[in-house]
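Colleague: Got a minute to go through this one with me? I'd like to know what stands behind the labels.

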Number of protein chains: 2
Amino acid sequence: MAVNPSKHLEVREKLAQAQKLDPRVEALVNQVIARVADKWTMIILDVLAEHGELRFTQLSKLVAGISQKMLTQTLRAMERDGLVIRTIHPVVPPKVEYRLTDLGLGLGAAFCGVWIWAEQNLNAIDQARKDYDTRAATTRHPNCL
Amino acid sequence: MAVNPSKHLEVREKLAQAQKLDPRVEALVNQVIARVADKWTMIILDVLAEHGELRFTQLSKLVAGISQKMLTQTLRAMERDGLVIRTIHPVVPPKVEYRLTDLGLGLGAAFCGVWIWAEQNLNAIDQARKDYDTRAATTRHPNCL
DNA sequence: CGGGATCCTTATGGATACTG
DNA sequence: CAGTATCCATAAGGATCCCG
């Protein structure tokens, strides 16, 4: 857990590569990130990557706390961005299935590193929060020391 | 750009590995993702990864459209999560510097893939949106055909 | 079943003014 | 300089009802 200066440079280099120093590209990338960096978008992306193809109701169950409104809304946005394909089967009762496009699959793969990081650093974050809160509590009354 | 079925499986496998099928871990990861999947958090993360150590005003300029309120708020949250270190130099005028922790650096590296993806697929997303909007416009009046 | 439309509450976030 | 505090507008999002 020691600070490794070369690690900093390594990461900085990677990120510099990622945007190739072009400010216009950077702005566009920021925009895309902002669009895609949505709680529900990422969770839906993950669920679809896991299960392959799902119906609306299946999704609503697998995504846990999502409301039907947000599910519809997010799926529409993802479809518009070319991340998912919406297939309507003209039967009764209606059957609509969602699956990732190659684009969506690629994004899922790209996010893979973040998921792994999140899993591996859950405890570290939890501990950091506790430490922060403790520090905040003690420094709030300096005169008590 | 042809659909490669093995690609699907590959991604699914990676994502399955990432959460090891434990539902509790999955829920926690979702929570972390939701916390970290914030527009400003990711952009600040990126800027700090690029520049190493920055003062408040420098950050506010580099992050572009951010308000001072959101900058403070996001930096505090990131500090609490153990992603950044806030160093206060007891001088006048005040000087406060922010830099990423190892944890933050790790997250930056994990997000690297997403940045690259975003950059590489900007045009694809743009095109997908245009297509979607065109389709929506034409299918809105089926009787015109 | 898969949503669309509506209402209503809460959260987000910008602008401004003030402070150590 | 680096914030905090406050006000206020808008957007996000949940609950509910309804329809093909």
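Colleague: How much accessible surface does chain A have, and what share of it belongs to carbon and sulfur atoms?

Modeller: About 8100 Å², with 56% on carbon and sulfur. Keep in mind that this is a predicted model.

Colleague: What makes Asp81(A) and Arg129(B) a salt bridge?

Modeller: The cut-off is 4 Å from a Lys or Arg side-chain nitrogen to an Asp or Glu carboxyl oxygen. Here the N to O distance is 2.6 Å, so the pair falls within the 4 Å limit and earns the name. The count between chain A and chain B is four salt bridges, and six residue pairs there are in polar contact.

Colleague: Which elements of chain A give two or more residues to the side that touches chain B?

Modeller: Helices H1, H2, H3, H5, H6 and H7 of chain A. H6(A) has the largest share, 17 residues.

Colleague: How many residues are in contact across the two chains, and how much area do they bury between them?

Modeller: 62 residues of chain A touch 63 of chain B. The buried area is about 6200 Å², 68% of it on carbon and sulfur atoms.

Colleague: Why do you say that S2(B) and S3(B) pair?

Modeller: Pairing takes at least two DSSP bridges. S2(B), residues 84-89, and S3(B), residues 95-100, have six, in the antiparallel sense, so they pass. Ile85(B) stands opposite Arg99(B), and five residues lie between the two strands of this hairpin.

Technical notes: Residues numbered from 1 in each chain as written. Chains lettered and ligands numbered in written order. Predicted model: local features only at pLDDT ≥ 70, side-chain atom pairs only at ≥ 80, totals over all residues. Heavy atoms only, no water. Areas by Shrake-Rupley, 256 points an atom, 1.4 Å probe, with all protein chains shown as cover. Helix = DSSP H or I, 4+ residues; strand = E, 2+ residues; numbered from the N terminus. Contact = heavy atoms within 4.5 Å. Buried area = accessible area lost by both parts, 1.4 Å probe. Polar contact = N/O pair within 3.5 Å; in protein donor to acceptor, adjacent residues only side chain to side chain.
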